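Visitor: I am new to this structure and would like a close look at a single part. Could you take me through the aromatic rings, please?

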Amino acid sequence: MMLHFKRSSILSKKKEPSYSFCLHKHYCKAAKSRNKIHCDCGENSNEPLAWQWDQVRAPASARFLPTHVACHETLSTGTAVLLGDTILEPGGHHFFEVKLLTDLYGTDTMVGLVTDQFDPDSANQRFVSLLGADSHSWGLSFHGTIRHAGRSQPYTSLFGKGSIIGVYANLRAGTVEFFLNRRSLGVAFSGLSRPGDGGGLLPAFCTTAANTCVRLVTALSVADSLQFQATAVISRSLPHWSLALPAPICRLIRRFPWLDYVGVPRDSCSQPAAPEPDGVC
């Protein structure tokens with residue numbers, strides 16, 4: 001006797017790798033107040049965003065929705081680029097995070113920074129790893145590599161749907177540090193613009209995959225000051241709040257949350273299998 005199974009039922013049993021660090025997904029779907037918990041992903045934060053994605057310079061394939069941006073909703077014909085609408089202040093400290101809402105596949109999906117001389121339309125008909133392809137951009141690929149001036153090198157593990165990618169541009173020191181799910185991956189680039197060097201920098205995101213949805217979770221900009229530098233030393237010298245701190249210092253640290261994010265253990269950077277696209281936003 002022959003047995004026949006629906007192909008969809010077989011495929012539905014295939015487990016996709018999880019890249020999200022959220023341990024309370026069932027609470028996120030609950031609207032009842034008694035189910036509310038402290039949220040570590042930051043998506044319920046009331047902190048105003050220092051900038052938004054620039055809708056004027058966005059590609060035609062990008063659709064701006066109240067909670068996220070969708071790129072290549074039906075078909076991808078190249079590389080779509082989103083840029084921030086505000087140039088990052090030279091000499092300041094800038095941190096932003098994006099959450100990836102859909103599975104990643106294809107040539108590349110990247111997060112990073114570009115100069116104001118970068119051309120976002122240079123690859124709208126080509127599938128390329130655009131951020132870092134020239135000297136005017138710096139990017140982190142979902143494949144786990146970093147790229148600048150056409151050169152790539154390994155940096156972290158593969159990431160995908162559910163991941164929160166953070167970018168810290170320390171323009172006082174001229175460095176860029178990436179974060180994966182609120183854990184520092186270490187300094188990726190150095191020698192960026194410093195005060196007086198000219199060449200403004202913009203946050204950037206690019207993707208070649210069809211139906212890619214991304215949410216801007218955090219966008220903070222802080223001028224450099226002795227207060228900030230002292231807070232950074234305290235935050236990174238006392239991990240996990242090992243000592244009780246005075247309330248004013250605690251309030252300062254909460255203003256600069258990324259300073260308290262611990263590093264990723266180096267032995268945890270294994271590469272899981274790439275997820276299949278599900279086409280669901």
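Guide: Gladly; here is a walk through the aromatic pairs, followed by a stop at a histidine and a word on confidence. This is a predicted model, in which local features need pLDDT of at least 70 and side-chain atom pairs count only at pLDDT 80 or more, while totals for chains, interfaces and linings use all residues. Residues are numbered from 1 along each chain as its sequence is written, and side-chain values use heavy atoms, with hydrogens and water left out.

Let us start with the rings. A pair of aromatic rings is described by the distance of the centres and the angle of the planes. Rings of Phe, Tyr and Trp (its six-membered ring) pair if their centres lie within 6.5 Å; planes under 30 degrees apart count as stacked, over 60 as edge-to-face and the rest as tilted. Searching the whole structure gives 12 aromatic pairs. In one of them, Tyr155 and Phe178 have ring centres 6.0 Å apart and planes at 75°, so this pair is edge-to-face. Tyr155 sits in the loop between strand E8 (151-154) and strand E9 (164-170), and Phe178 in strand E10 (residues 175-180), so the pair ties together parts 23 residues apart in sequence. Strands (E, at least two residues) are DSSP runs, numbered from the N terminus.

Phe178 also pairs edge-to-face with Phe189, at 6.3 Å centre to centre and 80° between the planes. Here strand E10 with Phe178 is linked to strand E11 (residues 183-190) with Phe189, 11 residues apart. Are these rings buried or exposed? Tyr155 and Phe178 are both buried, and Phe189 counts as buried at 10% relative accessibility. For Phe178 the value is 1%. Buried means under 20% relative accessible area, exposed over 50%, and partly exposed in between (1.4 Å probe, protein chains only).

Elsewhere, Phe95, Tyr168, Phe179, Phe228, Phe256, Trp258 and Tyr261 form one aromatic cluster. Tyr168 also appears among the contacts (heavy atoms within 4.5 Å) of His94, leaving aside neighbours within four places in sequence; others include Leu88, Val167 and Ser221. His94 belongs to strand E4 (residues 93-100) and is buried, with a relative accessible area of 4%.

Finally, confidence: pLDDT is the predictor's confidence in each residue, from 0 to 100. The protein's mean pLDDT is 81, and 73% of its residues reach 70 or more. Over residues 29-38 the pLDDT is below 50, and this stretch has 4 contacts in the model beyond near neighbours in sequence.

Terms used
Helices (H or I, at least four residues) and strands (E, at least two) are DSSP runs, numbered from the N terminus.
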